Amino acid sequence: MLPYMPPGNDIEFVLYDLFDAETEWAQIPAFDSFDRDTVRAIVTECGKLARDVMAPLSQSSDEEGAHWNDGVVTAPEGFKDAYAALAAGGWLGVSGNPEFGGQGLPKMLTASLEEMFWGANTNLWLYATLTVGAAICVDAHADEDTRRLYLPKFYSGEWTGAMALTEAHAGTDLGLIRTRATPRSDGHYSITGTKIFITSGEHDLVKNIVHLVLAKVPDAPAGSRGISLFLVPKYIPGDDGLLGERNGFESASIEHKMGIKGSATSVINYGDAIGYLIGEPNQGLACMFTMMNYERLSVGIQGLGLAERAYQMSSSYAKERVQGRVPEGSRVANTDADAIVGHPDVRRMLLTQRAYNEGGRAFSMYVGLQLDRAKYAPIEAVREKASGFVDLLTPVAKAFITDRGLECTLLGQQVFGGHGYIREWGVEQLVRDVRIAQIYEGANGIQALDLVLRKVLRDGGATVGELIDDIRQTEVPERYTAAMDEALNAWQEVTRWLCDSAPSDSNLPGAASVDYLDVTGHVLYAWMWARMAGVSGSTDKRYVADYYFAKLLPRYYSLVASIRGGSASLMEPSSDWF
Amino acid sequence: MDYQTPLRDMRFLINDVLDFDGHYEAIESDASRELVDTILEQCARFAENELFPLRASGDKTGCSWNDGVVTTPAGFAEAYATYVQGGWPSIAGNPAFGGQGLPRSISLWVEEIMASANMAWTMYGSLSRAAINAIDSHGSDDLKATFLPSLISGEWTGTMCLTEPHCGSDVGLLNTRAEPHADGSYRISGTKIFISSGDHDLADNIVHLVLARLPDSPAGTKGISLFVVPKLLDGALNGVVCGAIEDKMGIHGNATCTLHFEDSCGYLVGHANDGMRCMFTMMNEARILVGTQGVCLMELGYQVSLQYATERLQMRSASGPKSPDRPADPILVHPDVRRMLLTQKAFLEGGRVMTYFAAQLSDIAHRGSGDDRASAERLLDLMTPIVKGFVTETAFEAVNHALQIHGGHGFIRETGVEQLVRDARITLIYEGTTQIQALDLLGRKVVMNQGKALMSFIEMIRAEADLQSGGPFASALRELADQWGELALGLGGKATGDVDEIGAASVDFLMYSGYATMAYFWARIARVASAREDDAFMRGKVKTAQFFFDRILPRANAHHRAALSGADSLMDVSASEFGHH
């Protein structure tokens, strides 16, 4: 199979040409040591690891899958060594808190590193990404001792993390969970219950696995206000970090799935397992959201990484595969057929992937930039504004990038024709692996509801308005200004219409949500493309920007029309009627 | 997982919307409503009881290959024997060779019922029908007498052997050779890949229809001939070797074979170098059948996701609790879950009526006479790429909604819904990818015949709008009729200046055409159903039509814009510029 090609040049373009990382980071004391050479070295080394160590195990891990035997879970062949290489290179601590051994790299940069990890081997990276999320949650909400004990182990890759939220009857609606946390005499809790769909909940890559578990303490209020968060390690560490007794949980089985077969998805039974409360009782959902928000951006980037891989494979195939005559001009003499890259519709499939992928790369790094500003900017007003943008854009990054991820991996597969359906070519795996990204960490329908209800309607569209103002103030090449204006106006108007109409129609937000998120994504990508074409000296970006404006941006017209189609046609039929 | 044949919807479309009674009378067939009912009911029983139970297990086990011998999943052979005993394969077969001589439309419904229950299994019989048509239309009397009786009875099955490793869409590149033999037969040599049902253990013999080149034949598609090559000839092996079966994303229960022809004896079908035309006899019917597969997968996806949405309790409705005595409301109350369900229902039932319409045209094209026949043929030519391309594209979207409604459970194999997505994916690829359908539609079926067939369909839309004058869909239909015609004309004009315009606009044009066609049928369905408002089924039809016009049809606008935006943004980029690292 084609080797993975790390998109290092484009990452540097986005960092330095598009978002002027030099100026940006000079203003933030925590980042002022990251000069261009250092960053290039990091991006290059990460790319090499992705290409040489991770990518070669992707297809074999899909073939082999993870194994379960009497509670013992074994990851696919080669994962243990590859994970050790990730750990040894310090890649699990890149965004970690420097106080506890993390490297504190800017999120704008680590977002791009994650793309390479996801793209090279999603199955393997799933064992790591939950560790990063767990570390962020522990860093934000746990007490000093817990942070000192656990964070260095997460950052060094010695231990991994897992998130245990879902139960058989409670997925989207976590208020329904039944796992109980009973106080023990030592001040800690005893956790009992069954969780399902626990990614990396059990495996053999490292010695200890630390679960973050949602459970209910006695007499907790009903619903989501009665949920608490507990840290539940597989082996209970002493204060010195040495592992002690095995805790009371085990994997009851692993799932057979459509994709990410190399990642072990466990059912976990907790039977009087010792749990340590994180944060305050009944505040678990808020703590969990710290982790979820990180994971949501990251899962968005999973969509990007796999779609980028699909582009690499399909563009290379399109240049090699000869089939049919191209309409004119570029025919190759003395051959029976031309490379399919000459056919307009094959180009449509390639350019669509490329436009959404490079647009998605810029967008995900833009969200990373906002996260950095929200956390580190010296001026409070800058932090606040960025924090509003992060809240607004997180659901868009999760859902829009993964929806485009499925679309693009499908187009990549389609370029291969019948060969794309055959497992050994490796491209159908990308489709199966990306499909879960539209579901986990909050299904994309939930992201859209979050966007419309919490991020747009709650402040009457103020944050969207602020972002639109920012966009209007950016300079973009003249060839795109008219289309850009028209798109911004449409977005602004439909936002206002939603804010005006929602109070009298409680079903409208849910009826409009998915289309609204899609409009938002399409307009933001247009902004990314116009800016990229503006700052790039090469024709590459201009070609793709032209294509994006001609062929993909027009999708918002129909989405806006569908939003204005309202909720009646959805809600009128009674439930029995369906 | 349960599956129930949607007999009510089938009958509604057959009797009330498309008036097959009148249609059968017009083509002088003695197929009656009672006969059709009996066939559908019996077939439903067979499919639900015998085929559906093998759907998941067939996916899990898949086919196996051992030293050239292919074994199908457990139970497949027994079910096939029941199918043959029941006389199902012969419904539309030529009575001169043991067939029942019923219209092809009935055999399409039988296919639909069976493939909804088990698509991978049904494919073993489906391909026989393509082979039968090719031999019946183009073969000599000898060939017909030798092969048709056993194919029609189902004792033997058929295949289509087109693709080779280096040629798929571009069949003109094929290398398989056919050498004339003294006895008038040919010796076929070469390798074919992706042969569905190419080898298996269901039938006594397998009859391959193989595209190959005669010595000194012209290059390209003009030098291709069609041959019948049986696996067994007079009971002895005929040099057809199954080299391997593919490990695929889906349709695991169907054996996709690499076949080596090693001096195999074959017989010419039709004239030398006329293979493409003969092959299209097979392909056109197969393309409608693939559209039907899309309908089948949507049907099962809709049934299971609807049931799940009714049972799964999660969150409260935005407008206040709907099941206050339970811990949460069924997810069916949430608007976005409804959007996913109604989108499925709109594509499913809209897709179904489109395939039935095509079947009606196909009946007329085969049995009608005079002008009726000619205009049906033209319209069928136009509808075939739309049914194949658009119905499968929307089916893939629909089964993904079915999966999405299940949340994380949808990703788990035992839930059974992810199999629908994996199985559906192939329908956008085989029998000509969506892209090939789109080129066929815009290039051959619209621009090359100056839009004649399209104009006749647009006239049907206008007539429907007139019938519904003052109704909720009339003005939208008129707009579509104008816009579709102008779009075709505009693209035709552009194409004379820049040949790339066809390819650049083709898929957007196909999707636009699909939405427009479906809009016409939903309006027509709503007209029929609105007369019977006392019935929940009929009210549902009207509401789904409204949903389609409000929430789905706007997509046509985006395709319209993109189709007209020209080829430059696609063609400016050079091949080397597609790399970017």
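Here is a walk through a predicted model, going from one chain's domains to the contact between chains and then to a pair of helices.

Let's begin with chain A. Its domain assignment gives three stretches to look for: domain 1 covers 8-152, domain 2 covers 160-282, and domain 3 covers 444-570. If you find the C-alpha centres of domain 1 and domain 3 of chain A, you'll see that they lie 31 Å apart.

Now bring in chain B. Where chains A and B touch, 77 residues come from chain A and 79 residues from chain B. Which helices of chain B each supply at least two residues to its side of this contact? They are H10 (335-367), H12 (417-425), H13 (434-447), H16 (500-529), H17 (536-552), H18 (555-564) and H19 (568-571). H17(B) gives the most, with seven residues. Sort that side of chain B by class and you get 36 nonpolar, 23 polar and 20 charged residues.

Keep an eye on H16(B), and look for H11(B), residues 370-405, packing against it. When two helices pack, we describe them by the angle between their axes and the distance between the axes. For H11(B) and H16(B), the angle is about 90 degrees and the axes are 9 Å apart. An angle of 65 to 115 degrees counts as roughly perpendicular, so that's how H11(B) and H16(B) sit relative to each other.

Zoom in on the residues where they meet. H11(B) brings B:Pro385, B:Ile386, B:Gly389, B:Phe390 and B:Glu393, while H16(B) brings B:Leu510, B:Met511, B:Ser513, B:Gly514 and B:Thr517. By class, this helix contact has five nonpolar residues, four polar and one charged.

Note on methods. Residues numbered from 1 in each chain as written. Chains lettered and ligands numbered in written order. Predicted model: local features only at pLDDT ≥ 70, side-chain atom pairs only at ≥ 80, totals over all residues. Contact = placed C-beta atoms within 7 Å. Helix = DSSP H or I, 4+ residues; strand = E, 2+ residues; numbered from the N terminus. Nonpolar A, V, L, I, M, F, W, Y, C, P; charged D, E, K, R; others polar. Domains from an automatic or database assignment. Axes fitted to C-alpha atoms, helices over the stretch in contact; angles between N-to-C directions. Parallel < 35°, antiparallel > 145°, perpendicular 65-115°, else oblique.
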